[in-house]
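Grab a pencil and have a go at these exercises before you peek at the solutions. Each one comes with a task and then a walk through the steps.

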Amino acid sequence: MNEDLVERASGVGGTPPGMNATDVQTRSELARHLGRDVYPADREALLARLREEAAPDRLVNLVAELPADGFDYESVQQLARALGLGTEDHRT
């Protein structure tokens with residue numbers, strides 16, 4: 001089979017450019033536990049929601065490492081960037 005065809009087919013539904021599988025999984029879990037209605041939210045509000053939703057300790061610990069400066073995150077994408085997770089590369 002043509003290697004180019006195999007490579008393109010394997011990318012369908014896969015990991016977006018700029019992210020690895022762990023980034024995708026972590027962002028997905030954060031989104032599931034936080035929901036959309038939490039935003040805008042600072043670190044403390046995010047931690048409270050994660051605890052309310054019985055999120056895994058690793059997610060709570062990850063968000064707990066954010067600065068406690070009162071900054072409001074507007075979306076899971078912005079939160080993911082702040083946590084150092086890879087985010088999708090957008091075409092220009």
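Here are five exercises on this structure, which is a predicted model.

**Exercise 1: The overall picture**

Task: Work out how many helices and strands the chain has, and what share of the chain's residues is buried.

Solution:
- Start with the secondary structure: the count comes to five helices and zero strands.
- Now read from the N terminus, and you get the order α-α-α-α-α.
- Next, look at burial. The chain has 92 residues, and 32% of them are buried.
- Then turn to the surface. The accessible surface of the chain is about 6,100 Å², and carbon and sulfur atoms hold 48% of that.
- Finish with the contacts. Take those with a sequence separation of 6 or more: 54% of them link residues 24 or more positions apart.

**Exercise 2: Two helices that cross**

Task: Decide whether α2 and α3 are roughly parallel or roughly perpendicular, and find which residues meet between them.

Solution:
- First, locate the helices: α2 covers residues 21-34 and α3 covers residues 43-52.
- Next, take the geometry. The two pack at an angle of about 80 degrees, and their axes are 9 Å apart.
- Now apply the cut-off: angles of 65 to 115 degrees count as roughly perpendicular. Therefore α2 and α3 are roughly perpendicular to each other.
- Then list who meets whom. From α2 come Leu-30, His-33 and Leu-34, and from α3 come Leu-46, Arg-49 and Leu-50.
- Last, sort the residues of this contact by type: four are nonpolar, one is polar and one is charged.

**Exercise 3: A tyrosine in a loop**

Task: Is Tyr-73 buried or exposed, and which residues does Tyr-73 touch?

Solution:
- Begin with the location. Tyr-73 sits in the loop between α4 (57-64) and α5 (76-82).
- Check the accessibility: Tyr-73 has a relative value of 4%. Buried means under 20%, so Tyr-73 counts as buried.
- Now collect the touching residues, skipping those up to four places away in sequence. Tyr-73 touches Tyr-39, Pro-40, Ala-41, Arg-43 and Leu-46, along with Leu-66, Pro-67, Gln-78, Leu-79 and Ala-82.
- Pick one of these for a closer look. Ala-41 and Tyr-73 are 32 residues apart along the chain, yet their C-alpha atoms are separated by 5.3 Å.

**Exercise 4: Hunting for salt bridges**

Task: Find how many salt bridges the whole structure has, then describe the pairs of Arg-58 with Glu-29, Arg-49 with Asp-37 and Arg-43 with Glu-44.

Solution:
- Recall the idea first: side chains of opposite charge can pair when their charged atoms come close.
- Searching the whole structure gives four salt bridges.
- Take Arg-58 and Glu-29. Their side chains meet at 2.1 Å, N to O. Arg-58 is in helix α4 and Glu-29 in helix α2, so this pair ties together parts 29 residues apart in sequence.
- Compare their surroundings: Arg-58 is partly exposed at 41%, while Glu-29 is buried at 11%. Beyond its neighbours within four places in sequence, Glu-29 is in contact with Pro-56, Arg-58 and Leu-59.
- Move on to Arg-49 and Asp-37, whose closest N and O atoms are 3.1 Å apart. Arg-49 lies in helix α3 and Asp-37 in the loop between α2 and α3, so the pair ties together parts that are twelve residues apart in sequence.
- Check accessibility again: Arg-49 counts as buried at 17%, whereas Asp-37 counts as exposed at 62%.
- Now for Arg-43 and Glu-44, whose side chains meet at 2.2 Å, N to O. Arg-43 is buried at 16%, and Glu-44 is partly exposed at 43%.
- One more step: look for shared partners. Salt bridges join Asp-37, Arg-49 and Glu-52 into one network.

**Exercise 5: Sequence distance and space**

Task: Say where Ser-28 is found, and how many residues apart Ser-28 and Val-76 are in sequence.

Solution:
- Find the element first: Ser-28 belongs to helix α2.
- Judge its exposure. At 39% relative accessibility, Ser-28 counts as partly exposed.
- Then put the two distances side by side. Ser-28 and Val-76 are 48 residues apart in sequence, and in space their C-alpha atoms are 8.9 Å apart.

How values were computed: Residues numbered from 1 in each chain as written. Predicted model: local features only at pLDDT ≥ 70, side-chain atom pairs only at ≥ 80, totals over all residues. Heavy atoms only, no water. Axes fitted to C-alpha atoms, helices over the stretch in contact; angles between N-to-C directions. Helix = DSSP H or I, 4+ residues; strand = E, 2+ residues; numbered from the N terminus. Parallel < 35°, antiparallel > 145°, perpendicular 65-115°, else oblique. Contact = heavy atoms within 4.5 Å. Nonpolar A, V, L, I, M, F, W, Y, C, P; charged D, E, K, R; others polar. Buried < 20%, exposed > 50% of the residue type's maximum accessible area, 1.4 Å probe, protein only. Areas by Shrake-Rupley, 256 points an atom, 1.4 Å probe, with all protein chains shown as cover.
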